[in-house]
Amino acid sequence: RAHRLRIEAPSGPMIVYLAHLVRPHLGPHRILEIRSQMHAQRKERDSLLTAARTETVPVVLAGDFNTSDRSPGYRHLRSGFRDAMLARRAGPTYVGLLWRPFLLRIDHVFMPTDWCSGRPERFTLHGSDHRGVAVDVGPCPVL
């Protein structure tokens, strides 16, 4: 559930994975399936991280990870990457009415630990219950 792009950037080649991990559903008919959904999400996340770690050029992971920045899954993603949106206060990205009070940030951009980021922003995606994210990333001397 991810696309792999090879980018020839001015600073050199890089790989970008665009991901959309399994979303755990908490509706009344699906609550009994939450354990298997979380397992499926963990399996996808682990596969993505395994693929990223085999690359020989810098890797950026971006997309809807359906993983709160307060969860073990997020910390697992951060174990080998930096959260590019933390260049300033990132703010919530999931704004569905029921979950809005929790200020969930589930859409992320992860970059190599030795890279820098600048100008992170969230923007409205009309018709979506998510905010879009955009950020400049690259080797630190470039930014």
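**A buried glutamate and two positive phi angles**

Glu55 is buried in this predicted model, with a relative accessible area of 19%. That value counts as buried because the cut-off is under 20%. As for where Glu55 sits, the residue falls in the loop that links α1 (34–53) to β3 (59–64). Leaving aside residues up to four places away in sequence, Glu55 touches Arg4, Ile15 and Tyr17. With one of these, Arg4, there is also a polar contact: the side chains of Glu55 and Arg4 are joined at 2.8 Å.

Next comes the backbone. Most residues other than glycine have a negative phi. Asn66 goes the other way, with a positive phi of about 45°, and it is not a glycine. Its place is in the loop running between β3 and α2 (72–78). Asn66 is also buried, at a relative accessible area of 11%, so it falls under the 20% cut-off for that label.

Arg119 is another non-glycine residue with a positive phi, here about 55°. This one belongs to a strand, β6, which covers residues 115–124. Arg119 is exposed, its relative accessible area being 66%; the label applies because exposed means over 50%.

Put side by side, Asn66 is a buried residue in a loop, whereas Arg119 is an exposed residue in a strand, and a positive phi turns up at Asn66 as well as at Arg119.

Notes. Residues numbered from 1 in each chain as written. Predicted model: local features only at pLDDT ≥ 70, side-chain atom pairs only at ≥ 80, totals over all residues. Heavy atoms only, no water. Helix = DSSP H or I, 4+ residues; strand = E, 2+ residues; numbered from the N terminus. Buried < 20%, exposed > 50% of the residue type's maximum accessible area, 1.4 Å probe, protein only. Polar contact = N/O pair within 3.5 Å; in protein donor to acceptor, adjacent residues only side chain to side chain. Contact = heavy atoms within 4.5 Å.
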